[in-house]
Amino acid sequence: MSRFPPFSRYESGAVSARLRDLLVRLRLHMRDEAILDEAVARLATELNVRPGEAAERLSRMARHSGLDLVEVAKGIERPPDEPRQPLHVPGWVTGMLEAVHASALYLTPIKDATGRVVDFLILAANRHARTVAGRTASELAGHRLLAASPGMAGSGLLDDYIGVFESGEPIHREGLEFVEVLDYLLWPATLNVRAARVDDGLLVSWRAMDDEELLVSGWQRAQRLAQLGWGEWNLATQRALWTPEMYEMFGRERDAGPMPLEELPAVVVPDDLPIVEDQIRSLLEHREAVETEFRIQHRYGVRHLCVFGEPILDADGVPVKVRCLAQDVTKNRRRERALAVAHEQASRQRERAEEEHRVTVQLQNTILPIRRGLIHLPGLTVGVRYLPGEELIRLGGDWFKARLIPDGRVLIAIGDAMGHGLTATGIMLQMRSGLAGLAYTQASADRLATWLNDLIVHSNEGITVTGTAVIGHFDPQDCTFRWTNAGHPAPLLIRDGRAEQIDGAQGMMLGAFDVTEYQLTTTRLRSGDVLLLYTDGIVERRGQDLEAGVEALVQATDFCADDDPEQMINCLLTRLGGDAAEDDVCVLAVRVL
């Protein structure tokens with residue numbers, strides 16, 4: 001069953017309503033454009049200036065009046081029609097226009113006071129003349145071009161005509177998207193336009209493309225976009241027809257003409273020759289349509305072509321023509337190869353990551369065999385919980401140490417090696433095992449931290465390896481915890497059901513600098529107190545600063561205070577969502593007996 005709900009009439013109706021709203025807003029915008037274009041043409045005619053200057057004048061009028069530009073444009077009235085004077089049209093102009101089998105005009109220039117051409121007078125029109133908006137020859141002759149066809153300004157055709165008149169160079173515009181403006185309405189059309197200077201005027205002609213031409217033009221654009229080509233070989237006359245895309249596809253010059261069918265194997269990559277031979281046999285012997293793909297040697301390298309071919313048969317079933325539709329799919333094949341390579345690389349990386357994760361977990365299990373439970377030590381009960389990340393990118397280097405040393409004190413330590421994965425696990429092993437060995441010197445916690453820092457720095461020359469830790473000794477004789485902090489979150493002290501962070505000297509993280517000294521903090525404890533040591537995985541959350549996380553931990557600890565360290569840890573992880581943490585989580589709840 002599809003997980004997507006079926007379409008309802010309500011949903012379809014809502015989409016249709018939004019579409020109608022969009023079209024209404026678009027048509028209102030088009031009407032505003034028509035108002036502006038027609039106002040510019042009227043103003044240019046009235047002031048005898050070019051359309052660009054009229055548009056600037058209209059903008060200034062809007063700024064000075066404080067009105068919207070469209071509102072100002074609505075106030076530009078159509079100049080009154082001047083009485084048309086009898087036009088003297090030379091006979092050769094009339095004869096020339098009648099020889100044009102399309103809409104045609106003969107224009108003479110209208111100049112401003114400085115002698116610049118700003119518009120044209122329609123001196124004569126042939127009997128075929130008809131504008132996009134429907135004006136005929138009798139309505140055009142004797143009028144200014146902009147007055148008769150305001151769309152000339154916005155389309156740029158007026159500028160083209162002025163350029164032709166001044167330079168003498170003719171123009172031919174095919175498939176010109178022209179928008180006529182009349183009575184605040186837009187009249188779009190696709191035109192073929194020609195203009196040439198003749199004597200002291202311009203001969204211009206235009207023809208609107210009909211539906212069939214528009215479809216052919218659209219098909220040609222689609223061929224270029226989709227890189228499609230079409231070809232036909234006449235087997236009887238040996239004449240061939242190719243579209244322009246076929247020449248580009250096969251890397252053949254147009255002057256050379258279409259490639260004869262029998263020369264096709266010469267450009268095919270040798271490994272694909274059996275495919276092409278089988279295709280031609282299917283067309284000519286079995287008289288079947290074929291669809292296949294093969295590679296050809298192009299002047300710019302190898303191209304992949306997807307070809308659909310069909311034989312054209314006479315009344316007796318004999319092939320007389322072969323037609324084919326070809327598409328260049330080289331980009332698609334390159335993209336597929338790139339995706340295949342990327343997929344293979346991703347698979348290898350995933351396999352390496354899975355193997356690294358397996359090795360990392362094995363190392364962690366070896367180094368930290370105790371993941372949860374209670375450790376009973378002189379004067380203490382220690383609750384332990386270690387939650388490694390489920391994914392390699394979340395698998396960190398958290399570690400802890402809780403053990404009796406020969407002088408009768410209890411070593412309590414927790415730390416976090418920076419980074420993730422196998423690298424972090426290796427650093428964690430170095431820190432934890434290094435501390436275990438140094439602890440037998442029976443030195444104070446601050447000296448242990450200094451020596452551990454030296455060990456990390458000098459054992460990893462050339463790379464920067466860092467970590468944080470809280471290292472301390474609990475003395476059951478005087479019930480004191482003497483500890484030092486190497487860049488780690490400070491422990492919490494839970495006393496009489498209330499939790500607070502212990503103020504202590506904060507030292508530099510391990511491995512950051514070559515020579516580092518640490519300070520010792522002494523915290524006096526009493527029966528029933530609980531020390532909570534933790535790594536940042538329990539207090540760090542995406543989009544939340546560390547201080548807010550620590551405050552949330554303090555509040556949760558107030559709620560979860562319990563005589564049983566294990567129950568306290570369970571409660572904390574539930575309230576803080578430790579199971580869903582983005583990093584490793586390590587917690588020690590040390591209860592003083």
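Tutor: A disulfide is a pair of cysteine sulfur atoms within 2.5 Å. The model discussed here is predicted.

Student: Which residues form a disulfide, and how far apart are their sulfur atoms?

Tutor: The structure holds one disulfide. Its two cysteines are C560 and C571. The distance between their sulfur atoms is 2.0 Å.

Student: Where in the chain do C560 and C571 lie?

Tutor: The pair links distant parts of the chain, eleven residues apart. C560 belongs to helix α15 (residues 546-560). C571 belongs to helix α16 (residues 565-576).

Student: Is the disulfide of C560 and C571 left-handed or right-handed?

Tutor: The handedness follows from the torsion about the S-S bond. For C560 and C571 that torsion is about -65°, so the disulfide is left-handed.

Student: Is C560 buried or exposed?

Tutor: Buried means under 20% relative accessible area. C560 has 3% relative accessibility, so C560 counts as buried.

Student: In the open sheet of five strands, what is the strand order?

Tutor: The strands of this sheet pair in the antiparallel sense. β2 (117-125) and β3 (171-182) stand at the edges, because each has a single partner strand. Read across the sheet, the order is β2-β1-β5-β4-β3.

Student: What is the bridge partner of A104 in β5?

Tutor: Strand β1 (residues 103-111) pairs with strand β5 (residues 201-208) over five bridges, in the antiparallel sense. In β5, the bridge partner of A104 is S205.

Student: What angle does helix α8 make with β2?

Tutor: Helix α8 (residues 157-167) packs on the sheet and touches β1, β2, β3, β4 and β5. Its direction and that of β2 make an angle of about 85°.

Key: Residues are numbered from 1 along each chain as its sequence is written. This is a predicted model: local features need pLDDT of at least 70, side-chain atom pairs count only at pLDDT 80 or more; totals for chains, interfaces and linings use all residues. Side-chain values use heavy atoms; hydrogens and water are left out. Helices (H or I, at least four residues) and strands (E, at least two) are DSSP runs, numbered from the N terminus. Buried means under 20% relative accessible area, exposed over 50%, partly exposed in between (1.4 Å probe, protein chains only). Two strands pair if DSSP finds at least two bridges between them. Contact means heavy atoms within 4.5 Å. Axes are lines fitted to C-alpha atoms, for helices over the stretch in contact, and angles run from 0 to 180 degrees between N-to-C directions.
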